[in-house]
Amino acid sequence: MDFNFEAVLWYILVADCAFANVVAWFYPGWYERSFPGISKFFPATRPWCVVYLLLTVWLGIALKRNGILPW
């Protein structure tokens with residue numbers, strides 16, 4: 001199997017998306033307490049994280065159709 005830079009970036013994006021959704025759905029208070037400066041500019045809200053998830057899935061489907069993702 002060849003090394004695909006795009007696939008590695010997509011898997012990193014999936015990990016970030018999963019972490020963001022877990023934080024937004026289950027631990028929003030922890031995020032606001034732990035990162036007060038960042039949470040003002042980048043709030044972890046459920047609707048934005050769902051949009052992020054949908055865009056990540058859409059990108060994964062596009063990469064799969066082009067034969068870049070190995071799964």
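This is a short dialogue on reading a pocket and two buried residues in a predicted model.

User: How should I think about empty space in a structure, and how much space lies in the largest pocket here?

Analyst: Happy to help! Rolling a probe the size of a water molecule over the atoms shows where empty space is left. In this predicted model, the largest pocket holds about 260 Å³ of space.

User: Which elements give two or more residues to its lining?

Analyst: Those are α1 (5-26) and α4 (46-65). Helix α1 supplies the largest share, four residues. The lining includes Asp16, Phe19, Tyr31, Phe42, Trp48 and Tyr52.

User: How many residues of the lining are nonpolar, polar or charged?

Analyst: Eleven are nonpolar, none is polar and one is charged. Asp16 is among the lining residues, and Asp counts as charged.

User: Now to single residues. Is Asn21 buried or exposed?

Analyst: A residue counts as buried when its relative accessible area is under 20%. Asn21 has 11%, so Asn21 is buried. Asn21 sits in helix α1 and, leaving out residues up to four places away in sequence, touches Cys49, Val50 and Leu53. Of these, Cys49 also helps to line the largest pocket.

User: And what about Ser39: where is it placed?

Analyst: Ser39 belongs to helix α3 (residues 36-41). With a relative accessibility of 13%, Ser39 is buried too. The Ser39 side chain reaches the backbone oxygen of Pro36 at 3.1 Å. Apart from neighbours within four places in sequence, Ser39 is in contact with Tyr31 and Glu32. Tyr31 brings us back to the largest pocket, as one of its lining residues.

Key
Residues are numbered from 1 along each chain as its sequence is written. This is a predicted model: local features need pLDDT of at least 70, side-chain atom pairs count only at pLDDT 80 or more; totals for chains, interfaces and linings use all residues. Side-chain values use heavy atoms; hydrogens and water are left out. On a 1 Å grid over the protein atoms alone, a cavity is a set of points where a 1.4 Å probe fits but cannot get out, and a pocket is an open set with protein on both sides within 12 Å along at least five of seven lines; lining residues have an atom within 4 Å of a point. Grid points are joined across faces, edges and corners, and a volume is the space filled by probe spheres set on the points. Buried means under 20% relative accessible area, exposed over 50%, partly exposed in between (1.4 Å probe, protein chains only). Contact means heavy atoms within 4.5 Å. A polar contact is a pair of N or O atoms within 3.5 Å; within protein, one must be able to donate a hydrogen and the other to accept it, and residues adjacent in sequence count only if both atoms are side-chain atoms.
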